[in-house]
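Colleague: Before I rely on the labels attached to this model, I would like to go through the reasoning behind some of them. Could you take me through it, one label at a time?

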Amino acid sequence: MEKQPPSAPATRQRLDKWLFFARLIKSRSLAQKAIEAGHVVVNGKRETQSSAQIKAGDMLEVSLERRDLVLRVLLPGSRRGPYEEARLLYEDLTPAAPAGKPTLYEQATRDRGAGQPTKRERRETDRLRPGADHEDD
């Protein structure tokens, strides 16, 4: 059997592997679940297959737990290296959050040591939760 010559770096890569290598998601299995749940949009099309191939120049919209990212793929990943190496795989095009308006996450969090929320604060937090019943409205 002949040995194959070393090939050039892959021009395309699996979406779940790239998200893992770029350190956007902690593991490939979590990346697969996020993709299957529809939290990743590639070039304007919602992607639900973790085996989808992406290449340099593709635009990704990733909805993470605490933030939404808009990224341009610059390079395919070869390993899950340190943050400085992973940061070279993409360009972050996420628009800056409007000044003064807190995000839903910031609205729902309390300062450490602030004590137990009041009944009013708890109701305001409950209103942020999707699908919550608002009996007192």
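Modeller: Let us start with D16, bearing in mind throughout that this is a predicted model. D16 has a relative accessible area of 0%, and since buried means under 20%, D16 is called buried.

Colleague: What makes the contact of D16 with R28 a salt bridge?

Modeller: The closest N and O atoms of D16 and R28 are 3.3 Å apart, and because the criterion asks for a side-chain nitrogen of Lys or Arg within 4 Å of a carboxyl oxygen of Asp or Glu, the pair qualifies as a salt bridge. It links distant parts of the chain, with D16 in helix α1 (residues 15-21) and R28 in helix α2 (residues 28-36), 12 residues apart. D16 and R28 also belong, together with R14, to a network of salt bridges.

Colleague: Why is R28 called partly exposed?

Modeller: R28 has 30% relative accessibility, and because partly exposed covers what lies between the 20% and 50% limits, that is the class R28 receives.

Colleague: How do you know that E47 has no salt bridge?

Modeller: The nearest side chain of opposite charge to E47, that of K45, is 4.1 Å away, and because a salt bridge must fall within 4 Å, E47 is left without one, although it is buried. E47 lies in the loop between β3 (45-46) and β4 (53-55), where its side chain reaches the backbone nitrogen of Q49 at 3.5 Å. Leaving out residues up to four places away in sequence, E47 touches several others, including L15, I35 and A52.

Colleague: Why does S50 count as buried?

Modeller: S50 is in the loop between β3 and β4, and its relative accessibility is 11%; because the limit for buried is under 20%, S50 counts as buried. Among its contacts, with neighbours within four places in sequence set aside, are R14, D16 and I35.

Colleague: What makes D58 buried and K55 partly exposed?

Modeller: D58 has a relative accessible area of 4%, so it is buried, whereas K55 is partly exposed because its value is 34%. Their side chains meet in a salt bridge at 3.1 Å, N to O.

Colleague: And why is L88 called exposed?

Modeller: L88, found in the loop between α3 (83-86) and β7 (90-92), has 57% relative accessibility, and because exposed means over 50%, L88 counts as exposed. With L74 and L75, L88 forms a nonpolar surface patch of about 280 Å² of accessible area together.

How values were computed:
Residues numbered from 1 in each chain as written. Predicted model: local features only at pLDDT ≥ 70, side-chain atom pairs only at ≥ 80, totals over all residues. Heavy atoms only, no water. Helix = DSSP H or I, 4+ residues; strand = E, 2+ residues; numbered from the N terminus. Buried < 20%, exposed > 50% of the residue type's maximum accessible area, 1.4 Å probe, protein only. Lys, Arg positive; Asp, Glu negative; His and termini not counted. Polar contact = N/O pair within 3.5 Å; in protein donor to acceptor, adjacent residues only side chain to side chain. Contact = heavy atoms within 4.5 Å. Patch = residues over 30% accessible without salt bridge, like charges linked within 9 Å, V, L, I, M, F, W, Y side chains within 5 Å. Areas by Shrake-Rupley, 256 points an atom, 1.4 Å probe, with all protein chains shown as cover.
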